[in-house]
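Open the model in your viewer and have the selection panel ready. Each stop below says what to select and what to look for there.

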Amino acid sequence: MRLVSFDDYRIGVLTDAGVVDVTDVVPDVPAPLKSSRMLLLIEDWDALRPKVEAAAGKGKPVPLDSVRLLAPVPAPRKVYAQPTNYRAHVEEMKDSPFAHGGEAVPADMGMFLKATSAVVGPADTIILPFPDRPIHHESELVMVMGKRGGSIPVEKALEYVFGYTCGLDMTVRGKEDRSKRKSYDTFAPIGPWLVTADEIPDPADLEITLWVNEEQRQHAFTKDMIVDCPNMIANMSWVATMEPGDLIFTGTPDGVGPVVDGDLVTINITKIGDLALRAKARE
Ligand code: MN
């Protein structure tokens, strides 16, 4: 199933005929909390899924381009990320002036957090905070967690995944801590929708491509991750308990490069779709 957040934090199912609004199936929330509706749906998915399916079958679809898509999980509680998770990217960063202390990061030990306020969706714009520093795209598969869990065993890890989406781990290159360089507002675009995990039984079986304007910059297979998705969940949940709707950016392949004012950045992941955002200089 493809789930979208749209307009005023409404929840929809994307069908071949368009978006069907299923917001009424999700428990009611006070207005200031409506950005958390998707978290409630994910948390209570086993009970709500039949109702969502029934509502999606009965409702009247509207064309996808008639709604304003938001980040499918607009207000996650946490955004985990895995650094340098493909060998070719480790290699390309080794000689880079932006390498951390000149050494490649041991990816199996890695985890950092991005500010949740950096999360934006397909209808938004990537705001570039500096005109004179390199700001790079990193195309990444993003896992959306479905259940609360700490110290999740690796063999059960995928049972905790609710679904998958595309993500851009936007990054200012430099020597500051990752959390600062990757937490600027708009630096965590995700979308265009959330594909439930039943449609992607093996997250190691996906292909990622990224273009800047017409130029293909990144192309990789998720089977080439250094730390695979189950191990990432095990490692990260051993540190910080995972909660429904938490996002995990799974690391970028090689081919990272600069994004400048006016660029259109497009990521495609097989079985998910295309996420495209325009970049603009901060005023
Ligand atoms: Mn990254």
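The tour goes through the two domains, the interface between them, and then the metal site. Keep in mind throughout that this is a predicted model.

**Stop 1: the two domains**

Colour residues 2–66 as domain 1 and residues 79–281 as domain 2, following the domain assignment of the protein chain. Place a marker at the centre of each domain, using C-alpha atoms; the two centres are 25 Å apart.

**Stop 2: the interface**

Now show the residues where the domains touch. Eleven residues of domain 1 are in contact with 14 residues of domain 2. Together the two domains bury about 1000 Å² between them, and 66% of that area is on carbon and sulfur atoms. Which three residues supply the most of the area that domain 1 buries against domain 2? Select Arg 2, Leu 3 and Ile 42: they supply 58% of it, more than any other three residues.

**Stop 3: bridges and polar contacts**

Across the interface there is one salt bridge, and two residue pairs are in polar contact.

Switch to a cartoon view of domain 1. Strand 1 (2–6), helix 1 (37–43) and helix 2 (45–58) each supply at least two residues of the side that touches domain 2. Helix 1 gives the most, with four residues. Colour that side of domain 1 by residue type, and you get eight nonpolar residues, three charged ones and no polar ones.

**Stop 4: Arg 49**

Select Arg 49 and show its side chain. The side chain of Arg 49 meets that of Asp 198 in a salt bridge, at 3.5 Å from N to O. Add Glu 53, which also forms a salt bridge with Arg 49; here the closest N and O atoms are 3.0 Å apart. Glu 53 and Arg 49 are four residues apart in helix 2, so about one helical turn separates them. For the wider count, the model has 19 salt bridges.

**Stop 5: the manganese ion**

Select the manganese ion and the side chains around it. Which residues coordinate the manganese ion? They are Glu 138 (OE), Glu 140 (OE) and Asp 169 (OD), at 2.0 to 2.1 Å. Along the chain, these donors follow the spacing E-x1-E-x28-D. Glu 140 lies in strand 10 (residues 139–145), and Asp 169 lies in the loop between strand 11 (161–168) and strand 12 (171–172), so the pair ties together parts that are 29 residues apart in sequence.

Definitions and conventions: Residues numbered from 1 in each chain as written. Predicted model: local features only at pLDDT ≥ 70, side-chain atom pairs only at ≥ 80, totals over all residues. Heavy atoms only, no water. Domains from an automatic or database assignment. Contact = heavy atoms within 4.5 Å. Buried area = accessible area lost by both parts, 1.4 Å probe. Salt bridge = Lys/Arg side-chain N within 4 Å of Asp/Glu carboxyl O. Polar contact = N/O pair within 3.5 Å; in protein donor to acceptor, adjacent residues only side chain to side chain. Nonpolar A, V, L, I, M, F, W, Y, C, P; charged D, E, K, R; others polar. Donors = N, O, S within 2.8 Å, 3.2 Å for Na, K, Ca; no water.
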